[in-house]
Amino acid sequence: MAREKYILVSHFCERTQIEISFVENLHEYGLVRFEEKENELFMDEKNISEIEKMFRLHHDLGINFEGLDALNQMLKRIRRMEKEMDLLQKKLQLYE
Amino acid sequence: MEFIDYYKILGLDKSATAADIKKAYRKLARKLHPDLNPNDKTAQQKFQQINEANEVLSDPEKRKKYDQYGKDWQHADAFEEAQRQQQQSGGGFGGFGGQRTYSGGGQGFDDSQFSDFFESMFGGGGFSRGGGQRQTAQFKGQDLNATLRLNLTDVLESQKQTISIGEKKIRITIPAGVEDGQTLKIKGYGGEGMNGGPKGDLFITFEIFNNTRFKRLESDLYSTEEISLYTALLGGEITVETLTGKVKLNVKPETQNATKVKLKGKGLPKYKKEDQHGDLYITYKINLPKNLSEKEKELFTELSKLR
C-alpha cells in the first residue's frame, strides 16, 4: 500500500467535520473502500471529492445510502453516455 | 440591482406555509443540485437562486422583513434604519458562517455567492442549510477554472507554458495529443481553504482550434484527396500532405471513388502514450475531366463501346 496516497479516515472526518458514522456507513454500503493498517482506517485520497459529494447529497437533499448508491450508478451511466454522445457528434462532423 | 421575487423562484405564493416552502425547496434542490448537474451552469445558477430564496423564506424573521420591505427595497429608509440598528446591536441576518464548494465536473460553484439584492437586505456571509447542522463544514478552497486556447498543430508535441493565475505564475506541461474540451487538473492552485482546509484545485480546459485542413477524431485524422480519372483508372503516384510533412502515396489501378486508405501512425500523438500515434485516413475523390476536346469525346465513345 502506498501510504503517501492514503489518509487517515479519522483525520479526514476531523478536518471536514463530516461525522465518522456517515463515512463508516458509506463503507458498509460499499460506496467507498478503506484499508486497515496497524488498527487504523485509511482511505485513498482519490475518494475525497466523491465522499464530499455524497455527503452534500445526503445532507442537502436527504438522500439515504441506498439512494446514494443508485445515484452514483446513474451518474456514472450519464457520464459514459455523454462521452459516447460527444464521440458520435465528432464522428458526425466528419460527414458534414 | 433588481428586486428578486423569492416566492416566484420557489413557485409559491405569499400565503405559503413553512412546510410548503420546505417541500418546494427540496423538490427544486433535488432537480438542480450541482452534484447532479455537473457542467450545467444554468442549473448551478438556479440552485443558487433557490438556496437564496429558501434562506430567506424558511427563516421567519427574514421572511417577515422580506415581506415587509422586499418590494419597496429601493425606498426602504425605514428598512435601512432598522438594519443599522441591528448591526449596532450585533444582530443582523448575515454571518451564519458555512460555505460549501461544489466542484462537480471541474466547475467550481460556491453556494455563498448571493445576489446583490440579498446582500443589501441581509448582509454578507454564508448560511446554514439543513437545519443548521455542520455550519462550518468546509474542506477545501474554491476550485478555479481557466481556458487555454491552442492550435491543433500545437498538440503535436508536449509543450511547457507559463500561465498567470492572479499574481501567481504557473509553469505547466501540456501533454501532446490533448483534445478539445479536455480538462487538466492542477492540484492546490485554486482558492484558499477555509478553516485550515487545503486549497482548491485549478482546472484548465483546452480549446483546440483546428488550423489545418484535417478533421480530427481523437488521435486519428481524416482528409480528402482529389485524384484524376486517369490516376484512378491506371494507378500512379501522388503526393499528399500530412501534419508532419508531405508523403508519396501509390494509388492502385482501378481505384474507386471514395476509397479510403490508412496512413498508419500519421495522425496525432496519443494522449499520454509515448511514441504512439493515431492514423491518417485519406478518402480519394476522383476528379472527372471537364471541357472535353473533340478527340477526347471520340476516344471516350470508343472506350464506352468496349464495355
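**Reading cores and surface patches**

Mentor: Let us begin with one residue of this predicted model. B:Tyr230 has a relative accessibility of 41%, so this residue counts as partly exposed.

Trainee: In which element is B:Tyr230 placed?

Mentor: B:Tyr230 belongs to helix H7 of chain B, which covers residues 229–234. Together with B:Leu233 and B:Leu234, B:Tyr230 makes a nonpolar surface patch of about 330 Å².

Trainee: How should one read a nonpolar core, and which residues of the largest one touch the most other members?

Mentor: The general idea is that nonpolar side chains tend to be buried together in soluble globular proteins. Here, the largest nonpolar core has 38 residues. Those touching the most other members are A:Phe12, A:Phe22, A:Val23, A:Leu26, A:Leu68, B:Leu10 and B:Leu57. At least two residues of this core come from each of several helices, including helix H4 (65–93) of chain A and helix H3 (41–57) of chain B. Apart from this core lies another, of 32 residues, with B:Val178 and B:Ile204 among them.

Trainee: Which residues does B:Leu10 touch, leaving aside those up to four places away in sequence?

Mentor: Its contacts include B:Ile21, B:Tyr25, B:Ile50 and B:Leu57.

Trainee: How many helices and strands does chain A have, and in what order do its elements run?

Mentor: Chain A has 4 helices and 3 strands. From the N terminus, the order is β-α-α-β-β-α-α.

Trainee: What share of the residues of chain A counts as buried?

Mentor: The share is 34% of its 96 residues. As for the accessible surface of chain A, about 6300 Å² in total, 49% belongs to carbon and sulfur atoms.

Terms used
Residues are numbered from 1 along each chain as its sequence is written. Chains are lettered from A and ligands numbered from 1 in the order in which they are written. This is a predicted model: local features need pLDDT of at least 70, side-chain atom pairs count only at pLDDT 80 or more; totals for chains, interfaces and linings use all residues. Side-chain values use heavy atoms; hydrogens and water are left out. Patches are made of residues with over 30% relative accessible area and no salt bridge: like charges are joined within 9 Å, nonpolar side chains (Val, Leu, Ile, Met, Phe, Trp, Tyr) within 5 Å. Accessible areas come from the Shrake-Rupley method with a 1.4 Å probe; for residues, only the protein chains shown count as cover. A salt bridge is a side-chain nitrogen of Lys or Arg within 4 Å of a carboxyl oxygen of Asp or Glu. Buried means under 20% relative accessible area, exposed over 50%, partly exposed in between (1.4 Å probe, protein chains only). A nonpolar core is a set of buried Ala, Val, Leu, Ile, Met, Phe, Trp, Tyr and Cys residues joined through side-chain atoms within 4.5 Å. Contact means heavy atoms within 4.5 Å.
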